[in-house]
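The following report describes a two-chain model for a reader working at the bench. The sequence and structure are shown first, and the description follows.

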Amino acid sequence: MQLKKSSKIALAAASLLGASQVSIVSAADWDHEAAVLYYGESDDRVQDASFKYKGKRTNDDDNVLTLGLGVDTLTGSSPSGIAPSGDVQIVATPSGNGTTTYPANELTLDDTFLDTRVDLSASWDQSIIDDNTRVNVGVSVSKEYDYLHLGLSSGISRELNNKNTTLSLGLAYSADTIEPVGNTPIGLSDISAAKGASDESKDTIDFVVGITQVLSKNTILQVNYGLTQADGYLNDPYKRISRVNSTGTIVQNLNESRPDKRLGHNLYGALKHDFSGNVLSSSARLHSDDFGIDSITLDAKYNIKLSNRRSIEPHLRYYHQSAADFYAPQLNAADPLPAFASADYRLAEFDAYTLGATYRFGGSKDREWRITGELYSQNPKKTNLTAGQAGLDANPGFDAIMLSVGVKF
Amino acid sequence: MIKSLIPSLVMIALLSSISACSSSGVKPWERGNLAKSSMTFGADSMIDTTDDHIYFSKEATSGGRSFGAGGCGCN
């Protein structure tokens, strides 16, 4: 492996100083990674262009400082939750600053969002007590026009059994604040009703315990259990839900409403196996939470070595989730209002597939480049609306393309 | 096409783990393959976190390999 520039300088300095003073020379190294990403959904829905950077400094004592920066620019449109209709609909925007006209017989898309998100993170990882035990702490902050996230994380890991087993424990806390444009809507109130506070908050605690086990000289396994509890404002302030009568006429549009607590469990297993230089990375995740959502995720990547400095890695992912207990594409106007209701397409039952590949190749000065292209397809379970909305679909699903170029240097 | 491949991939993963269990207790000098970055969990953390953030924005569940992604009011 070619020595990094700082190591070369350190060695050169060491040789000038003489062997007796070599031990005082520091050779801390920085590893950098940067990437640009484009994410684009079909039908002019969400488009995202982003830049990511990560810098990692490892010092002589094997302490690791990691710094991260990300910038996302979002445009496009997102389903509003308002039911589709055979009539043109003119509806007040979520901000209350104007109206949106939804064409007849089409999905109602809110095209008023435009946002830039900046995130920063830093973490420190070092050994304590002995070389087999490491601790890490991290902080993160991200800001959008109407959203602020502050996060803290910590973890400890210990290697056992001749470094064949690693036990790990992690705890994270995040405090998020949302300031919806035009104040926070009140759950299940009419969209024209007076709004509530100018901002709301959400606290999330994550706990993860895991084991990583070397199974053979070519195979390694990881199993994690995770628990997540979120408290506070869990609504999407820009999503609505319609009350529709039996003939398909929309009689009222309401702001959505979700419970203010959510407890979720994840069981995750990942396996890597080296097939004579080609590596299979596979994982499975089971999730269950008290929103009533269960999901399964299966993921597989197969890294095929093309030469010493080139490889290609096909990627396949399958995801299925059940609907939240309170999900409904629309409400029956003849029924009493439920305690909670949301028509957010992300809470519906659906299958999703990702198919793609990453091509990696070595560049000059030991740089490692990658180009990734993936297709994502979300396919919801079909739900029937009323007879008056025959042929209309409240949640048709979508396809997305993900393209990224990254470099490690 | 994609659906039909999934059971095969799961079987490959399971069979790999079962066959591997017969030879536990890897010695330090046998770790050549395990030391490769492609055999390290989290070696491509930028890809992982970017993917997790996209899926967090488009699906109702997140997390697993690490803490749940998030920190956004995603559309």
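## Helix H2 of chain B and its cover

The cover over the buried residues of H2(B) includes S1, strand S2 (47-58), strand S22 (368-380) and S23 of chain A. Here helices (H or I, at least four residues) and strands (E, at least two) are DSSP runs, numbered from the N terminus. A residue is buried if 20 or more other C-beta atoms lie within 10 Å of its own, exposed if 12 or fewer, and partly exposed in between, with C-beta atoms placed from the backbone. In H2(B) the buried residues are B:Met46, B:Ile47, B:Thr50, B:Asp51, B:Asp52, B:His53, B:Ile54 and B:Lys58. The helix H2(B) has 14 residues and reaches 20 Å from its first C-alpha to its last, close to the 20 Å expected at 1.5 Å a residue. That expected span is 1.5 Å times one less than the number of residues.

## Basis and confidence

This is a predicted model, in which local features need pLDDT of at least 70, side-chain atom pairs count only at pLDDT 80 or more, and totals for chains, interfaces and linings use all residues. Residues are numbered from 1 along each chain as its sequence is written, while chains are lettered from A and ligands numbered from 1 in the order in which they are written.

The predictor gives the complex an ipTM of 0.89 and a pTM of 0.87. For chain B the mean pLDDT (the predictor's confidence in each residue, from 0 to 100) is 73, and 60% of the residues reach 70 or more. Residues 1-12 of chain B have a pLDDT below 50, and beyond near neighbours in sequence this stretch has eleven contacts in the model. Residues 14-23 of chain B also have a pLDDT below 50, with 14 contacts beyond near neighbours in sequence. Two residues are in contact if their C-beta atoms, placed from the backbone, lie within 7 Å.

## The two chains and their contact

Chain A has one helix and 23 strands, and its C-alpha trace spans about 90 × 45 × 40 Å along its principal axes. Of its 409 residues, 36% are buried. Among contacts in chain A between residues at least 6 apart in sequence, 58% join residues at least 24 apart. Chain B has two helices and zero strands, and 45% of its 75 residues count as buried.

The contact between the chains takes 73 residues from chain A and 40 residues from chain B. On the chain B side, helix H1 (2-20) and helix H2 (45-58) each supply at least two residues. H1(B) gives the largest share of that side, ten residues. By class, the side of chain B that touches chain A has 18 nonpolar, 17 polar and five charged residues. In this classification Ala, Val, Leu, Ile, Met, Phe, Trp, Tyr, Cys and Pro count as nonpolar, Asp, Glu, Lys and Arg as charged, and the others, Gly among them, as polar.

## Strand pairing in chain A

Two strands pair if DSSP finds at least two bridges between them. The table lists antiparallel pairs of chain A.

| Strand pair | Bridges | Opposed residues |
|---|---|---|
| S11(A) and S12(A) | 14 bridges | A:Tyr173 and A:Ile205 |
| S12(A) and S13(A) | 14 bridges | A:Thr204 and A:Ala230 |
| S14(A) and S15(A) | five bridges | A:Arg240 and A:Asn255 |
| S19(A) and S21(A) | Twelve bridges | A:Arg317 and A:Thr354 |
| S21(A) and S22(A) | 13 bridges | A:Gly362 and A:Glu368 |

S12(A) and S13(A) form a hairpin with two residues between them. The hairpin of S21(A) and S22(A) has five residues between the strands, and A:Lys365 there takes a positive phi near 55°. An open sheet of three strands follows the order S15-S14-S20 in chain A, with mixed pairing. Strand S15 (250-255) and strand S20 (331-332) of chain A are its edge strands, each pairing on one side only.

## Nonpolar cores

A nonpolar core is a set of buried Ala, Val, Leu, Ile, Met, Phe, Trp, Tyr and Cys residues joined through C-beta atoms within 7 Å. The largest such core has 36 residues, and those with the most contacts inside it are A:Ile241, A:Ala324, A:Tyr327, A:Ala328, A:Leu347 and A:Ala348. Contributors of at least two residues each include S14 and S15 of chain A together with H2 of chain B. Not counting residues up to four places away in sequence, A:Ala328 touches A:Ile241, A:Ala341 and A:Ala343. A second, separate core of eleven residues includes A:Ile220, A:Tyr268, A:Leu271 and B:Met39.
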